[in-house]
Amino acid sequence: MRFALGQRWISDAESDLGLGTVIAIEGRMLTLLFPASGDTRHYAQQEAPLTRVSFNSGDEVKSAEGFSMLVQEVTEQQQLLSYHGVRTDNGETVVLRETFLDHFLSFNKPQDRLFAGQIDRFEYFPLRYQSWQQQQQLQQSPLRGLAGGRVSLIPHQLYIASEVAQRHAPRVLLADEVGLGKTIEAGLILHQQLLTGLASRVLIVVPESLQHQWLVEMLRRFNLRFSIFDEERCQQAQLDADNPFDTEQLVLCSLEFLTKKKSWHEQAVSSHWDILVVDEAHHLHWQPEA
């Protein structure tokens, strides 16, 4: 590829940047400015993932000034292209140098990339094909959502999580002995339900002393980012929504917080949840009117 200052190129890897302009050539390196996004990129000349933007007679192009023109002839001088033609709005004959092409031009549609000659290298196709095959196998795996946690599973944990995950709107009581990983089991179930799209909003209610333990465990082991809701957080969230619990998808709060103030309890109940998890549930008391 031969580069010259002022030429217009488009990035094969980042076509959303728009048209780039060569602004510097130093040794084996070149620099492109993408005015549409305000970004600058540096490339090695021999391996630059770039495609030269050029149009042919009969094409309609747009200038940086905003007018469009119908190309009738293309000339090249000092490695820069000039487009000769007529404006589509008033029929005026104009010459548009490639430097003044519309910066926001992009080739996102397959046919646009084909007609512009922006074609990927052939070896990318089998790689993409194999990636789609692998993704399909993962989506069809019976362990989808259960095998991605950063945990060393005990066999009974995987069995319980798998059994519960197969149920629609599961309602279960995890009652293992202390130290046998009930939190891990709950995390596996949540991870599977969220990953498969069976759930999107989760509320976890725990004793106040266990809030940060749950927050860290869900993030560290399952990459689930819960938000802790307390008095301060709810007051701040009410500035954006009538019900503060509607502002987040994954919410973690203490049982003491919900029982201390009736209004927060009522708003938590009225918000739609796909899954409710309660730790230390044996401390709760069932009431017929609840």
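1. Start with the nonpolar core. In this predicted model, the largest one has 23 residues. The residues with the most contacts inside it are Leu 190, Val 202, Ile 204, Trp 214, Met 218, Phe 226 and Leu 252. If you want a reason to look here, nonpolar side chains tend to be buried together in soluble globular proteins.

2. Where does this core draw its residues from? At least two residues each come from helix H3 (155–165), helix H4 (182–195), strand E10 (202–206), helix H5 (211–222), strand E12 (250–254) and strand E13 (275–278). H4 gives the largest share, with five residues.

3. Leu 190 is a good place to put your cursor. Setting aside neighbours within four places in sequence, Leu 190 is in contact with Val 202, Ile 204, Met 218, Leu 224, Phe 226, Ile 275 and Val 277. Don't stop there, though: a second, separate core has 13 residues, among them Ile 10, Val 71, Tyr 83 and Leu 96.

4. Met 218 is worth a visit too. You'll find Met 218 in helix H5. Is Met 218 buried or exposed? Its relative accessibility is 1%, so Met 218 counts as buried, the cut-off being under 20%. Leaving out residues up to four places away in sequence, Met 218 touches Thr 183, Gly 187, Leu 190, Ile 204, Asn 223, Leu 224 and Phe 226. For a sense of distance, try Gly 66: from Met 218 to Gly 66 is 152 residues in sequence, and 52 Å in space between their C-alpha atoms.

5. Next, His 191, which also lies in helix H4. With a relative accessible area of 15%, His 191 is buried, because anything under 20% counts that way. Again ignoring residues up to four places away in sequence, His 191 touches Gly 145, Phe 222 and Leu 224.

6. Now the backbone. Most residues other than glycine have a negative phi. Gln 78 goes the other way: it is not a glycine, yet its phi is positive, about 55°. Gln 78 sits in the loop between strand E7 (68–77) and strand E8 (80–87). Its relative accessible area is 70%, so Gln 78 is exposed, the cut-off being over 50%.

7. Glu 280 also has a positive phi, near 55°, and is a residue other than glycine. Look for Glu 280 in the segment after E13. How open is Glu 280 to its surroundings? At a relative accessible area of 29%, Glu 280 is partly exposed.

8. Zooming out, what does the chain's secondary structure come to? There are eight helices and 13 strands. The radius of gyration is 29 Å, well over the 19 Å that the globule rule gives for 290 residues, so the chain is more spread out than a compact globule. Its C-alpha atoms fill a box of roughly 85 × 45 × 35 Å along the principal axes.

9. A few whole-chain totals to keep at hand. Of the 290 residues, 36% are buried. Among contacts with a separation of 6 or more, 52% are between residues 24 or more positions apart. The accessible surface comes to about 18400 Å², and carbon and sulfur atoms account for 51% of that.

10. Last, charge. The protein chain has 25 positive and 37 negative charges. How far apart are the mean positions of these two sets? They are 3 Å apart.

Terms used:
Residues are numbered from 1 along each chain as its sequence is written. This is a predicted model: local features need pLDDT of at least 70, side-chain atom pairs count only at pLDDT 80 or more; totals for chains, interfaces and linings use all residues. Side-chain values use heavy atoms; hydrogens and water are left out. Helices (H or I, at least four residues) and strands (E, at least two) are DSSP runs, numbered from the N terminus. The radius of gyration is taken over C-alpha atoms; the globule rule is 2.2 Å times the number of residues to the power 0.38. Buried means under 20% relative accessible area, exposed over 50%, partly exposed in between (1.4 Å probe, protein chains only). Contact means heavy atoms within 4.5 Å. Accessible areas come from the Shrake-Rupley method with a 1.4 Å probe; for residues, only the protein chains shown count as cover. Lys and Arg count as positive and Asp and Glu as negative; His and the chain ends are not counted. The place of a charge is taken as NZ of Lys, CZ of Arg, CG of Asp or CD of Glu. A nonpolar core is a set of buried Ala, Val, Leu, Ile, Met, Phe, Trp, Tyr and Cys residues joined through side-chain atoms within 4.5 Å.
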